[in-house]
Structure formats: C-alpha cells, structure tokens
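Me: I am new to this one. Please show it to me, and then I will ask how the labels are earned.

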Amino acid sequence: MNLCPCQSEQPYENCCQPYHQNHRQPETAEQLMCSRYAAYAMQQIDYIIQTTVPAQQHQLDRASIEQWSRSAQWLGLVVHRHLAKISPSHAQVDFTAHFAEHGTAHQHRELSAFVQINGRWYFIDPTVALPSMKTPCICGSGRKFKACCGQFFK
Ligand SMILES: [Zn+2]
Ligand SMILES: [Zn+2]
C-alpha cells in the first residue's frame, strides 16, 4: 500500500489521487493545500498549474516547477491552522512543508491564501507578479485587487 505523501495516513488512491486525476474536487482550502503538496511529491505538474488561480496560470514556469518537484525529496507536511472563513470566498492555510535537497533537510513555513471561484478552490501564487492594488482582482470578483485577494499580500 502506498501511503499518500500528504501524510493523511491514507492510501494515495483513496486520498489525493482522485483530486490529481480530476475525479474529485477539494471541498476546502486545506484539502487543496494538501493535494498540491502531494502533487509536488508525485510530479503531478498539471494539477499544480490547474489549481492556481486561472488568471495566474500563464505566469507559471512549468519547467521549473517540474524540475523542483523532481529534485526535492518530499518528507512531509504539517498543517498548523486552517483559516476557513476569512470571507465567503477566501481562506488561508498555515503550514510547514518538509523536504530535502542535495542531502540537506529544509522546512518551509507559509501562510498561503486561497480563493473560491465558481465553487472551486484555487491557490493564489505570491511568487508571480501580482496586479497593482487598484486593478480588478485576478479572481474575477469584479472588486479591486486591494479589496479582494490583494488583502493577503499587503
Ligand atoms: Zn493525500
Ligand atoms: Zn479576488
């Protein structure tokens, strides 16, 4: 039995694989976060791209995501907090990802922001160029970025 890399203690085929194969959609930002971690560990690059806010997807560097996903050894994930109800369509997840690269162990703690669009959760990638605060939000809400998803990146 292959345990899921997200450390749920569940077999991969009952945990994140149905998300990676688009048979099921994460119902919470936390599930999306965990399934994205597992996607790095399982080199499911399409899933990492598809679960980023659609307006940001063209800014992602697929080759470097793929290289990073292969070169790191994925040692585990700890979710510290799931802030599920920041607004009706936003959530944050505070987590630490454990991985090793070139034989050295690293921990990466991050407070990630997620937005729900048409009932689906998406990761807002803070590493790509974000719009200016006064322009319409990347999530398509019709509000200014500042008053919507931008509130997490001030
Ligand atoms: Zn999983
Ligand atoms: Zn927004």
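Me: How much area does the protein expose, and what share do carbon and sulfur atoms supply?

Reply: The protein exposes about 8,300 Å², and carbon and sulfur atoms supply 48% of it. Such areas come from the Shrake-Rupley method with a 1.4 Å probe; for residues, only the protein chains shown count as cover. This is a predicted model: local features need pLDDT of at least 70, side-chain atom pairs count only at pLDDT 80 or more, and totals for chains, interfaces and linings use all residues. Residues are numbered from 1 along each chain as its sequence is written, chains are lettered from A and ligands numbered from 1 in the order written, and side-chain values use heavy atoms, without hydrogens or water.

Me: What makes Cys149 buried?

Reply: Its relative accessible area is 0%. Buried means under 20%, exposed over 50%, partly exposed in between (1.4 Å probe, protein chains only). So Cys149 is buried. Cys139, at 12%, is buried too.

Me: Which atoms coordinate the zinc ion (ligand 2)?

Reply: The SG atoms of Cys137, Cys139, Cys148 and Cys149, at 2.2 to 2.4 Å. Donors are N, O and S atoms within 2.8 Å of the metal (3.2 Å for Na, K and Ca); water is not among the atoms, so sites may look incomplete.

Me: Why is the arrangement around the zinc ion (ligand 2) called tetrahedral?

Reply: Four donors count as tetrahedral if all angles lie between 85 and 135 degrees. Here the 4 donor atoms subtend 101 to 117°, so the arrangement is tetrahedral.

Me: How do you know whether the protein is as compact as a globular protein of its length?

Reply: The rule is 2.2 Å times the number of residues to the power 0.38, and the radius of gyration is taken over C-alpha atoms. The protein has 4 helices and 4 strands. Its radius of gyration is 15 Å, close to the 15 Å that the rule gives for 154 residues, so the protein is as compact as a globular protein of that length.

Methods
Four donors count as tetrahedral if all angles lie between 85 and 135 degrees; four count as square planar and six as octahedral if opposite donors are over 155 degrees apart and all others between 65 and 115; anything else is irregular. Helices (H or I, at least four residues) and strands (E, at least two) are DSSP runs, numbered from the N terminus.
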